[in-house]
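Me: I am new to this structure and would be grateful for a close look at a single part of it. Please take the charged contacts as the centre of the account, and then set them beside the other side-chain contacts.

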Amino acid sequence: MKPKKLKRLTPYNVVSMVMLCIVTIVFVFPFYWVITGSFKEQRVTIQLPPQWFPQNPTLDNYLTLFKQPALKWFLNSFLVAFISMALVCFVSTLAGYVLAKKRFYGGKLLFGIFVAAMALPKQVVLVPLVRLVSAWGFHNTLAAAILPAVGWPFGVFLMKQFSETIPTEMLEAAKIDGCNEWQIFYRVVLPMVKPGIGALAIFTFISAWNDYFMQLIMLSSRENLTLQLGIATMQAEFATNYGVLMAGATFSAIPIVLIFIIFQKSFTQGITMGSVKG
Amino acid sequence: MQQNKTVTKTGKRRRLGIRGRETLVSYLFMLPALLFFVAFVVGPILSGLYTSFFNYTARHNNFIGLGNYIELFQSEPFLKSLRNTVLLVIGVVPIIVLFSIFVSTIIYQKNPIIRSIFRGIFYLPVVTGTVAIVVVWKWIYDPLNGILNWALQAMGAIDQNIMWLGDKKYALLAIIVVLFTTSVGQPIILYVAALGNVDQSHIEAAQIDGATSWQVFRHIKWPAIMPTTLYVVVITTINSFQCFSLIQLLTGGGPNYNSSTIMYLVYEYAFKQSRFGYANAMGVILAIIIGVFSIIQFKFFGDKVEY
C-alpha cells in the first residue's frame, strides 16, 4: 500500500551525509588518538606532523602508569560507581513507585521539590557538603564521594516516570488478593519496573564513575583517589608527557565505554524515559 | 477516584482514613530517599544560604549581612566570571540544539544498527569522562606540539603559534568547543526518540500534498518535538552553567579569570582561598540565575508545550 520509501539523492541529502561523516570523525578522533597514543613513545606523541598510527608500539607508558597506584584507583572508582548505583536504585525505586502510584498528603509538593532540586547545581552546596562530611568524620573516604550523590533526586524522578506505566488495576487486584503493601511492591511493582531499574543502574554507574567534581572535593590522599582524580593529578605532574597521560586516559575510559556499548539499549531508554512524557 | 465524589458523609471520613494510611505507607517507602535528600541536598542548601551572610573563613565567622553579596558585585573576578558564564551558555546552547536536531533528522530513519552506532559515537565523549577527553584536547591546543596550530599553519591560516588556552581572546572559545563535543550526546538520543514518535501519517499526507522536506520539518516535525527542545534547552543550560571540570583541567580559569565561570570561582574561593561565606554567596547567586533562566525558558516555550 505505502509507496516504498526511496532516499532521493537531493543535494541536501548528499551534503548533510558528508557533513555527518566529517563531524563523526571529529567525535571519534579523540578516542582513537588516546588509545593509539598510549602505545607511542614519548617523543612520538608530540611529533609534528603527527604519526597517525603508532609505528613502534611500546608498553612503556603503561609501565609508568602502573608505577602509580593505578590499580588501587581503579578499584576505588569501581567501588564508588557500584555502591552509588546500588544505593540510588534502591532508594529511587521505592520512592518513585509511591510518587507515581499513591495519592498521599504532600506527595505532589515533594515531587515538585525533587524536580526543582534537580536544576540546582550540586556545586552550590559544595562548602556545606564538605563541612558536613568532615563533621561526620568521613571526609577523604570513599563514602564521602558516594553518599552525597545518592541524595541527588534524578533517580527518583526517573523511577517515578517509569512507575507511571504500571496499570493501577494490577495493584488493586493484588490488594484484593490479600497482598500487603510490601508484597504488592515486591511481587507486582518490582518485576514491572525492572527495565527502568536497569536503565537507572547503568546511568548511575557511568555518571558516578565520571563524577570528577564530587571526587575532587571529597578525596585527597593519594591512596584514596579514583581513576579520574588520579589521572588529573598526573596531568599536573607529567605535564606534557602525553604518552603516560593517554595510557591513563585509555585505562579509565575503556571499562566504562565497554559497559556503555553492552548496555546501550537500556541506557538510551533511561535517558528518554527521564525526559518528557509523550 | 471519581466515584469518591458521590459517596456519603461516612464514606468521606473513611476515605480520609484510607488516605491517611496511604500517606503513612508512602512515607515509609520514601524514607530512604528522603533521608539522603534532606541530609545531602536540603540541609547543605539551607546551610549554604545561611553562611552566605557571614564572613566565614578559616579564621573568622561573623555575621556581615549582605556584605559578601555587595563585595561580589564590585569584584572583577566575579564580574568577569559572570560574563563568561553567560557567554558560555548563550554560545553553546543554541549550537547544541541545532546540531543535535541536524544529526537526529539524518539518522532517525536509518536502520537500527546504524542509528545506534551514530548515537553511540556522539555519546562517546560523555561516557569517556572529562578527564580522559581533556588529555586529547590539551594536546590539540598545545601551543608548541599541538595539532591545531600545526594544521592551521599548514593551511596558511595563521603565521605564528597561538596559545589557545593562555590567550584571553581564545581561552573561553577553546572551552566552548570542548564543552560542545561533550554535550550533544544526550540531546541527540532524545531527539532521535522524539522524531521516531512523530506521527508518520501526517508526514506522508503532507508529502503527497507536495510539501518540501523543509516544510515538513517546519510545520510537522518541529512542533512535534517542541517538548523535547524545551527539555534539551533546560538541561543543556543547566549543564553549561555548571561547567567546571573542563575549566579546572584546561585553563584553571586563566588567563586572569578570562575563562573562569562562577562555578569555577566558587571552587577557587572555597578551596584555594578558604573564603567559605563568600563562595557560598556566589553559589546562591548562581542558583538564582539558573532558576530565573529555567523560569524564562518555561514561559517562553510553555504555551507551545503540553505536559
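Reply: The following account begins with the salt bridges and then turns to rings, surface and cysteines.

The model is predicted, and the values below are computed from it. Over all chains, the structure holds nine salt bridges. Several residues are joined through such contacts: Lys102(A), Lys175(A), Glu181(A), Arg21(B) and Glu22(B) are linked in a network of salt bridges.

Glu181(A) is a useful place to enter this network. One of its partners is Lys102(A), with 3.0 Å from N to O. This pair links distant parts of chain A, since the two residues are 79 residues apart. Lys102(A) lies in the loop between α4 and α5 (107-119), and Glu181(A) belongs to helix α10 (residues 181-209). Are these two side chains buried or exposed? Lys102(A) counts as buried because its relative accessibility is 10%, under the 20% limit for that class. Glu181(A) is likewise classed as buried, at 11% relative accessibility.

A further salt bridge joins Glu181(A) to Lys175(A), at 3.9 Å from N to O. That value lies within the 4 Å limit for a salt bridge. Lys175(A), at 39% relative accessibility, counts as partly exposed.

Glu181(A) also meets a side chain of chain B: its salt bridge with Arg21(B) is 3.4 Å from N to O. This contact crosses between chains, from helix α1 (residues 9-51) of chain B to helix α10 of chain A. Arg21(B) is partly exposed, with 45% relative accessibility.

Charged side chains also meet aromatic rings. In chain A, the charged end of Lys160(A) sits over the ring of Phe111(A), 4.2 Å from the ring centre. In chain B, Arg275(B) lies over the face of Tyr278(B), with 4.0 Å to the ring centre.

Rings pair with one another as well, and the structure holds 47 aromatic pairs over all chains. Among them is the pair of Tyr50(B) and Phe54(B), whose ring centres are 5.0 Å apart and whose planes meet at 45 degrees, a tilted arrangement. Tyr50(B) is exposed, with a relative accessible area of 54%, whereas Phe54(B) is buried at 14%. Another pair, Phe244(B) with Tyr267(B), is edge-to-face, with 5.0 Å between the centres and 70 degrees between the planes. This pair links distant parts of chain B: Phe244(B) is in the loop between α11 (226-241) and α12 (245-250), while Tyr267(B) is in helix α13 (residues 262-272), 23 residues apart. Both Phe244(B) and Tyr267(B) are buried.

In chain A, one aromatic cluster is formed by Phe66(A), Phe74(A), Phe78(A), Phe82(A), Phe205(A), Trp209(A) and Phe251(A). Phe78(A) and Phe82(A) also belong to a nonpolar patch on the surface, together with Leu75(A), Leu79(A) and Ile83(A). The patch has about 400 Å² of accessible area together. Leu75(A) is found in helix α4 (residues 70-101) of chain A, and at 45% relative accessibility Leu75(A) counts as partly exposed.

The cysteines complete the account. A disulfide is a covalent bond between the sulfur atoms of two cysteines. The structure holds zero disulfides over all chains. Among the cysteines, Cys21(A) is partly exposed, with a relative accessible area of 39%, while Cys243(B) is buried at 4% relative accessibility.

Key. Residues numbered from 1 in each chain as written. Chains lettered and ligands numbered in written order. Predicted model: local features only at pLDDT ≥ 70, side-chain atom pairs only at ≥ 80, totals over all residues. Heavy atoms only, no water. Patch = residues over 30% accessible without salt bridge, like charges linked within 9 Å, V, L, I, M, F, W, Y side chains within 5 Å. Areas by Shrake-Rupley, 256 points an atom, 1.4 Å probe, with all protein chains shown as cover. Helix = DSSP H or I, 4+ residues; strand = E, 2+ residues; numbered from the N terminus. Buried < 20%, exposed > 50% of the residue type's maximum accessible area, 1.4 Å probe, protein only. Disulfide = S-S within 2.5 Å. Phe/Tyr/Trp six-rings, centres within 6.5 Å; stacked < 30°, edge-to-face > 60°. Lys NZ or Arg CZ within 6 Å of the ring centre and 35° of its normal.
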